[in-house]
Amino acid sequence: MVVEVAELLGVTVFALSGGLLAARRGMDLFGAVVLALVAGLGGGTIRDVLLGAVPPANLSDAWAVGCAVGAGVVAFYQDLGLARFRRAVLVLDAGGLGLFTVNGAVTALSLGAPPMAAVFLGLLTGIGGGVLRDVLSGQVPVVLQDDIYALPCLAGSVLVVLLWQADAFTPVAGVLVAVLVFALRLLGRMRRWHLRRTPSQPPAWPERPPRPA
Amino acid sequence: MVVEVAELLGVTVFALSGGLLAARRGMDLFGAVVLALVAGLGGGTIRDVLLGAVPPANLSDAWAVGCAVGAGVVAFYQDLGLARFRRAVLVLDAGGLGLFTVNGAVTALSLGAPPMAAVFLGLLTGIGGGVLRDVLSGQVPVVLQDDIYALPCLAGSVLVVLLWQADAFTPVAGVLVAVLVFALRLLGRMRRWHLRRTPSQPPAWPERPPRPA
Amino acid sequence: MVVEVAELLGVTVFALSGGLLAARRGMDLFGAVVLALVAGLGGGTIRDVLLGAVPPANLSDAWAVGCAVGAGVVAFYQDLGLARFRRAVLVLDAGGLGLFTVNGAVTALSLGAPPMAAVFLGLLTGIGGGVLRDVLSGQVPVVLQDDIYALPCLAGSVLVVLLWQADAFTPVAGVLVAVLVFALRLLGRMRRWHLRRTPSQPPAWPERPPRPA
């Protein structure tokens, strides 16, 4: 029960990020709903395809689909201050990252995937929805721009697999790992941690050129 | 028999759209054939991967592959007026959308997918080839720019699933749904129907900046 | 044994290309490792998903993952002259293309895929990693820009299937086909072979606009 609620929360916050991105880029309502679905359900769909669990479970889960669509509509029509909202999304998105990472790794292990494959599945489930969202809307995925996005995810995925291998994985441990991923992601973002960048290169991924007015 | 001809027609018109896009963007013949294959066969491949029907059927269907390659070559070498041709492609593309939507939903249902998954499969089969075509050629997918692309597709997919659930689905009903999707798509495009757009945003997806001369 | 070494070499050189691309575009170390993994393991993952061999084998192969990660780190930190290195990568990349093409087609045939599907699997295994790498980093895939990338790959894939159908496929023949793909790719690149381009179009795919300084 806790797990289901947590998962729906993850779907919802990723979907909110998709809907907000669509609104910012001038798409209409339907584009917002499509991007919300892609961001919210994409990670789970990639997980299920890579594990052969087809058709993917979240495509037939009315709660997940409903949460994603609702989040897309809300993100589109919200008239709250975007700045405040953006911080909320950052926080919730970090929570979704933690939950999906643990979920992906555990699903893979319980279906008998080898340990290293399970690590990848955790990683891809955590970041997959955001990557699809960004590629479809013509952006370089955030995971390639900000290294404190995928590193906590990778750490969490490895931790789950190690706990599982040691027969020490419990639901409580899973929640703790999700919280750890969440905290590392937020800390890294707030303190602007980053790995050494190649010195001969510009310091940041260049923004798309500004739209013609 | 009608179904096979209709499906090949769908493959062909999506492939034409891929080949035309490649020619317009200055790719050479091989790029045109690749984009034609991606656009023509992409939707069916996504459908089969999500349903676990691998290897995907249309990759081993000589007729489908032949139609897609032929359409790519024709689209590349045609010297007809592009404007006239573009309207023809719009019409045929709407036809393909209708046919693939019905085809995707019915295939999912007949393989035992749950109703909501079947709705998604119809949607993804209908729009999948176009999305892959646009992402590979560096464009934001048309489905995110023009909401009267995916809405008719979604409506048709829901309709097929409802008919199937009521044991009322027949081949004739399938053709009628495909015609409905086709008509809604064309009407929406011609009358420029659109959902309410967020008022604080520019009215349309910005074009890519012009190429340097 | 020869096959395993050859495959790891292919993973490594594709991964090097991903890491180099990341460094050139100003990503940090983690982005380089991610792009290296995508480029090195992407083709094999696509192959396994399309064949239903899940979870994909190379995601649980410590040697393949280790080679890809190592190549990403090396590509990021190397201080060799990039020009010299770029030619080396071109050569090795052509070798990887040959090896993965043969590997994809043979894997498909040995799992009972129909001949035409096997041709596609060879093609997609050969080019898949590079396509994912380019799409994720916001580029039009090289396969759509340079037709002497996919044509040798297609030729090699067809050749493997014909040999297999004639019961004449041996490991030695496989190596010879891989060498042929390698040689055609390099010759085509060096002599700038290309198919007839549509005359009304600019001669080359336009570069992205330069980054703002």
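Which residues of chain A does UniProt list for "transmembrane region"? The unreviewed entry gives residues 6-23, 30-50, 62-78, 90-111, 117-136, 148-166 and 172-188. I should state at the outset that the structure before us is a predicted model.

Let me set two of those listed spans against the coordinates. Residues 62-78 of chain A are 94% helix and 0% strand, with end C-alpha atoms 23 Å apart. For residues 172-188 of chain A, the helix content is 100%, strand is again 0%, and the end C-alpha atoms lie 24 Å apart.

The unreviewed UniProt entry also places a feature, "domain: Glycine transporter", at residues 5-76 and 91-164 of chain A. Residues 5-76 of chain A are 81% helix and 0% strand, and the end C-alpha atoms of this span are separated by 23 Å.

I turn now to helix α5 of chain A, residues 115-136. Its 22 residues should span 32 Å at 1.5 Å a residue, and the end C-alpha atoms are 31 Å apart, so the two values agree. The helix nevertheless bends by about 45 degrees at A:Ile127. As for its surroundings, 18 of the 22 residues of α5(A) are buried, so that the helix is mostly covered. After α5(A) comes A:Gly138, with a positive phi near 80 degrees.

In chain B, helix α5 also covers residues 115-136, and B:Ala118 lies within it. Is B:Ala118 buried or exposed? Its relative accessible area is 0%, and B:Ala118 is therefore buried. Beyond its sequence neighbours up to four places away, B:Ala118 touches B:Ala105, B:Ala108, B:Leu109, B:Ser157 and B:Val161. The C-alpha atom of B:Ala118 is 9.8 Å from that of B:Leu51, although 67 residues separate the two along the chain.

Next, helix α2 of chain A, residues 29-51, which contains A:Gly40. A:Gly40 has a relative accessibility of 2% and so counts as buried. With neighbours within four places in sequence set aside, A:Gly40 contacts A:Val11, A:Phe14, A:Ala15 and A:Phe100. Its C-alpha atom lies 8.7 Å from that of A:Ser17, 23 residues away along the chain.

Finally, the nonpolar core. The largest one has 173 residues, and those with the most contacts inside it are Leu41 and Leu144 in each of chains A, B and C. A:Leu41 touches A:Val11, A:Asn58, A:Leu59, A:Ala64 and A:Val65 in chain A, and B:Phe120 in chain B, leaving out residues up to four places away in sequence.

Technical notes. Residues are numbered from 1 along each chain as its sequence is written. Chains are lettered from A and ligands numbered from 1 in the order in which they are written. This is a predicted model: local features need pLDDT of at least 70, side-chain atom pairs count only at pLDDT 80 or more; totals for chains, interfaces and linings use all residues. Side-chain values use heavy atoms; hydrogens and water are left out. UniProt positions are given in the numbering used here, feature names are shortened, and annotations may be inferred rather than shown by experiment. Helices (H or I, at least four residues) and strands (E, at least two) are DSSP runs, numbered from the N terminus. A nonpolar core is a set of buried Ala, Val, Leu, Ile, Met, Phe, Trp, Tyr and Cys residues joined through side-chain atoms within 4.5 Å. Buried means under 20% relative accessible area, exposed over 50%, partly exposed in between (1.4 Å probe, protein chains only). Contact means heavy atoms within 4.5 Å. The expected span of a helix is 1.5 Å times one less than its number of residues. The bend at a residue is the angle between axes fitted to the seven residues ending there and the seven starting there.
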